[in-house]
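User: I have just opened this model and would like a careful walk through it. Could you take my questions one at a time?

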Amino acid sequence: MTKASESEGISNMAGREAPEPPTVRTTCPYCGVGCGILAGRHPGGSVSITGDHEHPANFGRLCSKGSALGETVDLDGRLLFPQVDGRRVPWDDALDLVAQRFSEAIASHGPDSVAFYVSGQLLTEDYYVANKLMKGFIGSANIDTNSRLCMASSVAGHRRAFGTDTVPGTYEDLELADLVVVTGSNLAWCHPVLYQRLLAAKAARPQMRVVLIDPRATMTDHIADLHLAIKADGDAALFCGLLAHIAASSHLDRTYIEKHTDGFAAALAAARALSLDEIVRQTGLPAGQIGEFYRLFANAERTVTIYSQGVNQSSGGTDKVNAIINCHLATGRIGRPGAGPFSVTGQPNAMGGREVGGLANMLASHMDIENAAHRDIVGRFWGSRGAAEKSGLKAVDLFRAVGDGRIKALWIMATNPVDSLPDANAVQAALEACPFVVVSDMMADTDTVRHAHVRLPALAWGEKDGTVTNSERRISRQRAFLPPPGEAKPDWWHVCQVARRMGYSEAFDYAGPAEIYREHAALTGFENNGSRDLDIGAHAAITKAEFDRMMPFQWPLRQGQPDGDTRFFADGGFYTTNRRGRFIAVDAARPERMSDAFPLVLNTGRVRDHWHTMTRTAKSHRLSGHATEPYCEMHPDDAAVLGIGAGTLVRVENAHGTVVARALLSDRQARGSVFVPMHWTDQNSARGRINALVPPVIDPVSGQPASKNVAVRVAALPVAHYGYAVLAARPGGDMPDYWALARESGGWSVEFASFTGVGDVSTRARAMAGAAGETELLTYRDEATGSERVALFQDSRLIGAFFFSQRPIVIARAHVAEELHTVFGDPRSRCRVVAGQPGSGRPDPGRIVCSCLTVGVNQINAALDGGCPDADAIGRALGAGTNCGSCRSEIQAIINERTTQAAE
């Protein structure tokens, strides 16, 4: 076993009793990096996870989330049987009802009265049949995906510039570049393995330069030579100014422009209309920093601009994308080793969904729904009549149509829109009002599943079989290494069974994912002849055995051309009607959304160790230790003005809703702005659904919501009592006004607070712990501070430890949680829990920094005090940062902060 797998350990999976298969090559189910994984089953049903050293996306590296996958594959909370109105029913009954209700809606109200809302968590084969059923046979394009929330602006920008949704470059370009511009991406946390590849490349070539463009000094800042703390939505102005600078400083590639592109004069004229003073105003950046960035870009022949949600999630996201692409077209820095614009995707199969037409405004195989010739190709290939002829409703508009009654039947697959869509409370109301809602999911209870009339149990990662495509167009296999639990079935099977019942049996008669993949591959090559970018026609006759053995590859993989280029557009060859790339004249105006009532800018996003709405990552106590509750990160000066103290609770609100979060004060956050993570839901917190505050403002081209520039106000929240507890079982009963739940080894932890008072603390503790039967209760009250502690024991085990105070709780939380594993044979030993001495004699590790090895900030500081000079030495001393490496930037931040404090 490798060092990584030793540290990751082996995870138990209650309820799995199938015989042990050999180690299986599969692909990580988190971000769009698409890391290869070796998954192993062990006697008793446990699982080990290691990185696949032969996979060209990660070469064996894994991030903290990928490393902990073995801890997330238990059956706790799984949906295992079909349900109708909460009752278990046979599969035939559930499927018959879905087919009947969709058919009735179509017959009475037309095909546009039904809709699918799908997900980048689906495999390509699932996506393919869902899109085929809706667009090809139902005859509506009302199928959209949660990728609309992540990558739609990149898709739209690509299509405007290139004629198709083509990512020109590869991951290798990050390692070959002389300059890497990271804009709108916290690469260190959101795509950690790519960050590790970039970090290693910079260490090998110290002359490489990295520029970070982000309103926040994120953990990615620690690799940056220059950080541009740009205002929200100032990117278009910055890159328009860059285009004008490139032209003025004689760095244009005029040969490339003249030979391969159109529209340059108009794009340059629009860029030149912005004065430097206007760029300074819109970006909030000093003129000197802007000039330094422009000079770095102009002088670096090999430049990659890598971007993600900070660019895409904007009402001007498509223009931002095209402003970036314009600069690469103008310099000819595209499709060459170490050069190009690079959109890095947020989900494991957002790219696969785009390939098969999962967005409402696209056809399968990167064909255009507006193009009659493309519609004819797809229709003839599928043998369908009455296929969709116009774009369907994009995500925000789709749920608006659900709310106003236009959509009569809705099928949601593998996503949680009640938490992830903007104006989330309106989305919830829409589902409550919808006549018929079907949800296919692996979990029995999510904020979305609870609104379903029909619940269809789906397979989870480790049980599914098919393909995914990563951000560099690399198709990899996800393979099953676990048996299907209960009566759960793959999503493609759900769709095909309903399609057959709706009268389309012949078109959906697949034996398995290999057949669906073969059809998808054949369609990409059908009447292609190089006229379309996506072509894996070499697999049009792939056998099941070949599919089972398939290794990762990048498309295109054209019939008869197995060794084609892996990059696009170095020599032109765009997919517009005249095969020339298009410059876009960009509108660089920055929207001003703040007001006297709502004076702060809210930015939402991800944390390092959690994913989407935590249905998977919240199962792991290691991943839960890094961020245990919703927080509002804000600058200390803003907090001082508002009377907000570190660790107190605050109310974040606007006209759409209210969220309660813990105040995290940091000068990494720019003044006038706040950051709140997107992960918390009603399943794991009270009032933590941040997307309830995000208005349904969208990009007019892409339909992508603007989640990074939201007007809010923040206020201190009067709290009567703060609390912290660890429990052996998930808490229940009448919960306090505020609570946030996190998994611990052996149980749960809860941060909580009461706004009016907790009443009798013993009663509160018993209710939250669900104490029944014979229990021993110990209490302690500190009269000087008013703090109280309660411990509940059953037999010789701690079942609940509670800490109440009028101020934020200060306690060695890691040691309290460890007491859940302690056998308290001697009754006197139980007193240390209420005495506030858990883990007596052991130092408090503090807030967890390294999730893999459970190393805390206090341990890192102690090692620095002991003479460790840098992050490498910390790794040798404590192991922190030596497994997945995701925490190395945070370790460096601690070192830098101490260095700054010492200098002061």
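User: Let's start with α31: which of its residues are buried?

Analyst: This is a predicted model, and in it the buried residues of helix α31 are Ser889, Glu890, Ile891, Ala893, Ile894 and Ile895. The helix covers residues 888–903, which makes 16 residues, and it reaches 23 Å from its first C-alpha to its last, close to the 22 Å expected at 1.5 Å a residue.

User: And what do the buried residues of α31 pack against?

Analyst: They pack against four helices and a strand, namely α7 (187–190), α8 (192–204), α29 (857–865) and α30 (871–878), together with β33 (848–850).

User: Glu890 caught my eye in that list. Which residue does Glu890 form a salt bridge with?

Analyst: The partner of Glu890 is Arg608, and the closest N and O atoms of the two are 3.3 Å apart. Glu890 belongs to helix α31 while Arg608 sits in the loop between β21 (600–605) and α24 (621–624), so this salt bridge ties together parts that are 282 residues apart in sequence. Glu890 and Arg608 are both buried.

User: How many salt bridges does the count come to?

Analyst: The count comes to 59 salt bridges. One of them joins Asp376 to Arg380, with the closest N and O atoms 2.9 Å apart. These two residues are 4 residues apart in helix α17 (residues 372–382), and therefore about one helical turn separates them.

User: Are Asp376 and Arg380 buried, exposed or partly exposed?

Analyst: Asp376 is partly exposed, with a relative accessible area of 39%, and Arg380 is likewise partly exposed, with a relative accessible area of 41%.

User: What about Glu783, which residue does its side chain meet in a salt bridge?

Analyst: The side chain of Glu783 meets that of Arg781, at 3.4 Å from N to O. Glu783 counts as exposed because its relative accessible area is 63%, whereas Arg781, with a relative accessible area of 40%, is partly exposed. Elsewhere, salt bridges that share partners join Asp233, Asp235, Lys320 and Arg593 into one network.

User: Switching to strands: what is the order of the open sheet of 3 strands?

Analyst: The order is β17-β18-β19, and the pairing is antiparallel. The edges are taken by β17 (466–469) and β19 (553–554), each of which has a single partner strand, so one side of each is left without a neighbour in the sheet.

User: How many bridges join β17 and β18, and how many join β18 to β19?

Analyst: Strands β17 and β18 (residues 474–478) pair over 4 bridges in the antiparallel sense. Within that pairing, Thr467 has Arg477 of β18 as its bridge partner, and Thr469 stands opposite Ile475 in β18. On the way to β19, which also runs antiparallel to β18, there are 2 bridges, and Ile475 has Phe553 in β19 as its bridge partner.

User: Is β18 enclosed or open to the outside, and why?

Analyst: Strand β18 is largely enclosed by the rest of the structure, because 5 of its 5 residues are buried. Both of its faces are covered, with Arg474, Ser476 and Gln478 buried on one side and Ile475 and Arg477 buried on the other.

User: What is there to note about the hairpin of β17 and β18?

Analyst: The hairpin has 4 residues between the strands, and Arg473 takes a positive phi near 70 degrees there.

User: Zooming out, which domains is the protein chain divided into?

Analyst: The division gives domain 1 (3–72), domain 2 (83–151 + 350–526 + 534–554), domain 3 (152–343), domain 4 (600–716), domain 5 (721–835) and domain 6 (848–903). The centres of domain 1 and domain 2, taken over C-alpha atoms, are separated by 27 Å. Their contact takes 22 residues from domain 1 and 18 residues from domain 2.

User: What area is buried between domain 1 and domain 2?

Analyst: About 1600 Å² is buried between domain 1 and domain 2, and carbon and sulfur atoms give 61% of that area. The salt-bridge rule finds 0 salt bridges across this interface.

User: One last residue: where is Gln309 found, and which residues does Gln309 touch?

Analyst: Gln309 is found in helix α14 (residues 309–312), and at 11% relative accessibility it counts as buried. Leaving aside residues up to four places away in sequence, Gln309 touches Cys150, Met151, Gly184, Gly346, Gln704 and Lys708.

Key. Residues are numbered from 1 along each chain as its sequence is written. This is a predicted model: local features need pLDDT of at least 70, side-chain atom pairs count only at pLDDT 80 or more; totals for chains, interfaces and linings use all residues. Side-chain values use heavy atoms; hydrogens and water are left out. The expected span of a helix is 1.5 Å times one less than its number of residues. Buried means under 20% relative accessible area, exposed over 50%, partly exposed in between (1.4 Å probe, protein chains only). Contact means heavy atoms within 4.5 Å. Two strands pair if DSSP finds at least two bridges between them. Domain bounds come from an automatic or database domain assignment. Buried area is the accessible area (1.4 Å probe) that two parts lose on being put together, summed over both. A salt bridge is a side-chain nitrogen of Lys or Arg within 4 Å of a carboxyl oxygen of Asp or Glu.
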